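Here's a quick walk through one protein model, starting with a single helix and then stepping back to the whole chain. Have the viewer open as you read.

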Amino acid sequence: MSNYTRMSPPSSPTASTFRNGDAAQNKQEARLTATAKRHKYLRRIFKFKQMDFEYAVWQMIYLFISPQKVYRNFQYRKYTKDQWARDDPAFLVLLSFWLVVSSIGFSFTLGIHFTGFLKLILWVVFVDCIGVGLLIATVFWFFANKYMILAPPRGQDVEWGYAFDVHLNAFFPLLMILHLFQLVFLGLINGDGYVGLLFGNTLWLVALSYYIYITFLGYSALPYLKNTRNLLFPCIAVILVYVLSLIFHWNFSKGLCNFYKFRVM
């Protein structure tokens, strides 16, 4: 009688590999969901030591010098971290800082009292920048994914966080032009002369056109979007309103100052 031992067939290594691979993929996908990214971003918003402020300052400078380089860096983030949106809130924190500084300047120039100054800060930070930014980002995010996307591979769509970052990028030069640079010339701009009207409204033309241009660069940086040049069409409306404002003497800067005073009453 032979000593024969029945051996059970070994489990398939291929099936095991697939199971492990699927588990790892599911874990990775869960880690990269929009909710997970948002929670990671919000957790870091008060951890200043973990923020890269030097890099955020570099981005702010190059938004004036060469905004294309800023978006090339966003492309690099996609390759290294598999996401287009920022994972570091340093840019938003610095932007809020400049909003506070400009609000101090406006409060001093317009003679707004301290309580009004606090109200103005809350308005410009949480309404003008973040609140309006949330609305604009949501509109662009929906429009881009609905009408501009090119049947991308799985996971290749416009991230909402990236749409919000595009707004912040475009908002920063507008803030610098209309909230800081303009402050120096408010006496001239708010006067009754035509030179002040021309100078002030030209600043608005430059700021709004630059906002539209940087927004266009942001979405044209995504390789799976089509017809991104259509985002430049609002420049035509801005130029038309600018010409009409010079004809009918609409002083946008004076209107902004009156609006700020009305807010803090």
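## Helix α3: does the length add up?

Let's start with α3, which runs over residues 53-65, in what is a predicted model. With 13 residues at 1.5 Å a residue, α3 should span 18 Å, and its end C-alpha atoms do sit 18 Å apart, so the expected and computed lengths agree.

## Two sides of α3

Which residues of α3 are buried? They are Ala56, Gln59, Met60 and Leu63. Around the helix axis these residues cover an arc of only 95 degrees, so they lie on the same side of α3.

Flip to the other side of α3 and you'll find Glu54 and Ile65, both exposed. Exposed here means over 50% relative accessible area, while buried means under 20%.

## What covers the buried side

What covers the buried residues of α3? The cover includes α4 (67-81) and α5 (90-110), along with α7 (160-181) and α9 (194-220).

## Zooming out

The protein has 11 helices and zero strands, so to speak a plain run of α-α-α-α-α-α-α-α-α-α-α along the sequence. Of its 265 residues, 41% are buried.

Now for the contacts with a separation of 6 or more: 75% of them in this protein are between residues 24 or more positions apart. As for the surface, the protein exposes about 15,600 Å², and carbon and sulfur atoms supply 68% of that area.

Conventions:
Residues numbered from 1 in each chain as written. Predicted model: local features only at pLDDT ≥ 70, side-chain atom pairs only at ≥ 80, totals over all residues. Heavy atoms only, no water. Helix = DSSP H or I, 4+ residues; strand = E, 2+ residues; numbered from the N terminus. Buried < 20%, exposed > 50% of the residue type's maximum accessible area, 1.4 Å probe, protein only. Contact = heavy atoms within 4.5 Å. Areas by Shrake-Rupley, 256 points an atom, 1.4 Å probe, with all protein chains shown as cover. Expected span 1.5 Å × (residues − 1). Arc of directions from axis to C-beta.
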